[in-house]
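Here is a walk through one protein model, taken one step at a time. Keep the structure open and follow along as you read.

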Amino acid sequence: MSDFDLVIRGGTVVTASETTRADIGVQGSTIAALGLNLGRGNKEIDASGLLVMPGGIDSHVHLAQPAFGGPAMADGFETGTRSAIAGGNTTVLPFAMQGRGESLRQAVEDYHKEADGQSYCDYGFHMIVANPSPAALGQDLPALVASGYTSLKVFMTYADLVLNDREILEVFDAAGECGALVMVHCEGYDAIRFMTEKLEKSGRTAPYYHAVSRPQSVEREAAHRAISHAELTGVPIMVVHVSGREAMEQIRWAQSRGLKIMGETCTQYISLTAEDLKGLNMDDTGTKYVCSPPPRDHASWEAIWNGIQTGVFQTFSSDHCPFYFEGEVGKKNPKARTGFQWVPNGIPGVAVRMPILWSEGVAKGRITANQFVALTSTNHARIYGLTTKGSLAPGFDADIVLWDPAHEVTITQALMEHGADYTPWEGFRVTGWPRATILRGEVVMEEGRILGRKDQGKFLPRALSPMAGRMAGAALD
Ligand code: URP
Ligand code: ZN
Ligand code: ZN
């Protein structure tokens, strides 16, 4: 008779708060025990020499999304979540996007059809609110939040998604009423349009000018505006995909004033620069790096590290938003060749998020392994209401990554398992790599081989975020 279904033996367990030598005993899908010399398991995994960490939670990925008025995405749930488990993740939170003429409820229902039976890892949905009608905010939103869709994103740019200030205030206020957590894409639409038209008129249409059209001031201004609206309504927000010093300092300033403003940054902002958008010679290869906000420069990397080290940022995500490079719907499609404004925005990165943060962060002494776990898993679980995820303790889901901290890998497209036909990090060298991914007690990836099934991931209704609700001292109190 075995004591456990699975025992992971001989590894070093790393959580957000501790590093200890311990075995992990799993019963069914749940962690049952941690300790030295645990009894036998039906199945045993030797984790000697490896770190045993909570499976990654990537709270910012885009899958199967009608792409901002542009071409279809390269990943639906099947390939996107394959890529996620290849990179050590066990949960993703993509976005159910409301079209302008669509109800929020319909957007969520349609998105379930994309995900059902197609996911290799567990998943929940954020919502994207593009049409904040009285019905959406007064009826659908509270009902959906009560059903476990407890976070939403609003955009301050993109023609099909941008909300004006009044609309943003209405969304924040409605979210405050029902306890939804609001994520905000902070880039100012009018400033970007102004810059884009000026650049186009002067013939500066190559992919690099995407970065010129949305400099840090555009992100900083929008971040400040969003923070001011959060303060006015008393509603906490998460400023997502922060790219450099200027927006980071706005969040730090807000936090220093006691406002509940959170920050997220992403892989591209510590590993890519705007120079990458130049391609080989202002050519189409630069489109491979077009995302928003754009990657900046080395000084911005340092600022982002400073924000990570000092706690300005709580989450480190991929903002996985995959498009093909080649073909009629690719990043260099015929229309995109006429100017950067037509290049679909977004890059694939769910598989490289953990290796690059480990390599650039832990291996280079910038953060500890415990901070790594907080930034890639635990904080995502806490902030987004995933109450059984993000930690290794009895009662939690047995979502685990076995991590080899010394394994050196050159990132290539072949390792990505995603639907896109390229990776922006081709040739990038990392130290630290997932050897196995375990989802609720079952090994779904081992040494790069996908062993899981696409119907294995389950939908996760989420609890209200402990960070959401109303801040004390709102103007209308
Ligand atoms: O370029 C990006 N990041 N596209 C994804 C959409 C978004 O704003 O997160
Ligand atoms: Zn965004
Ligand atoms: Zn995004």
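Which residue in β18 is the bridge partner of Val52? It is Leu402. Keep in mind that this is a predicted model.

That pair belongs to a longer match. Strand β7 covers residues 51-54, and strand β18 covers residues 400-410. Four bridges join the two strands, and they run antiparallel.

Now widen the view. β7 and β18 sit in an open sheet of seven strands. Read across the sheet, and the order is β3-β2-β7-β18-β19-β20-β21. The pairing is mixed. Look next at the two edges. β3 (19-21) and β21 (449-450) stand there, and each has a single partner strand. One side of each is therefore left without a neighbour in the sheet.

Another sheet comes next. Four strands form it, and it is open as well. Their order is β5-β4-β1-β6, again with mixed pairing. Its edge strands are β5 (30-35) and β6 (41-46), each of which pairs on one side only. Neighbouring strands of this sheet are turned against each other by 20 degrees on average, direction ignored.

Zoom in on β1, residues 4-9. Five bridges join β1 to β6, and these two strands run parallel. One residue lets you find the match by eye: Phe4 has Gly41 as its bridge partner in β6.

Leave the sheets and turn to the metals. Start with the zinc ion (ligand 3). Its protein donors are His60 (NE2), His62 (NE2) and Asp319 (OD). They lie 1.9 to 2.0 Å from the zinc ion. How are the four donor atoms around this zinc ion arranged? The arrangement is tetrahedral, because the donor atoms subtend angles of 92 to 124 degrees. To count as tetrahedral, all angles must lie between 85 and 135 degrees.

Along the chain, the donors of the zinc ion (ligand 3) follow the spacing H-x1-H-x256-D. Are the two histidines, His60 and His62, buried or exposed? His60 has a relative accessible area of 0%, so it is buried. His62 is at 2% relative accessibility and therefore also counts as buried. The cut-off for buried is under 20%.

The zinc ion (ligand 2) has its own set of protein donors. These are Lys153 (NZ), His185 (ND1) and His241 (NE2), lying 2.1 Å from the ion. Their spacing in sequence is K-x31-H-x55-H. Two of these donors, Lys153 and His185, link distant parts of the chain. Lys153 is in strand β13 (residues 151-155) and His185 is in strand β14 (residues 181-185), 32 residues apart. Both Lys153 and His185 are buried. How many ångströms separate the zinc ion (ligand 2) from the zinc ion (ligand 3)? The two are 4.0 Å apart.

One more molecule remains: ligand 1. It is surrounded by 14 residues. The closest are His62, Lys153, His185, Ser292 and Asp319. Some of these names should look familiar. His62 and Asp319 are donors of the zinc ion (ligand 3), while Lys153 and His185 are donors of the zinc ion (ligand 2).

Finish with the polar contacts of ligand 1. A nitrogen atom of ligand 1 lies 2.6 Å from a polar side-chain atom of Asp319. An oxygen atom of ligand 1 is 2.7 Å from a polar backbone atom of Ser292. For His62, an N or O atom in the side chain is 3.1 Å from an oxygen atom of ligand 1.

Note on methods:
Residues are numbered from 1 along each chain as its sequence is written. Chains are lettered from A and ligands numbered from 1 in the order in which they are written. This is a predicted model: local features need pLDDT of at least 70, side-chain atom pairs count only at pLDDT 80 or more; totals for chains, interfaces and linings use all residues. Side-chain values use heavy atoms; hydrogens and water are left out. Two strands pair if DSSP finds at least two bridges between them. Axes are lines fitted to C-alpha atoms, for helices over the stretch in contact, and angles run from 0 to 180 degrees between N-to-C directions. Donors are N, O and S atoms within 2.8 Å of the metal (3.2 Å for Na, K and Ca); water is not among the atoms, so sites may look incomplete. Four donors count as tetrahedral if all angles lie between 85 and 135 degrees; four count as square planar and six as octahedral if opposite donors are over 155 degrees apart and all others between 65 and 115; anything else is irregular. Buried means under 20% relative accessible area, exposed over 50%, partly exposed in between (1.4 Å probe, protein chains only). A residue is near a molecule or strand if one of its heavy atoms lies within 4 Å of it. A polar contact is a pair of N or O atoms within 3.5 Å; within protein, one must be able to donate a hydrogen and the other to accept it, and residues adjacent in sequence count only if both atoms are side-chain atoms.
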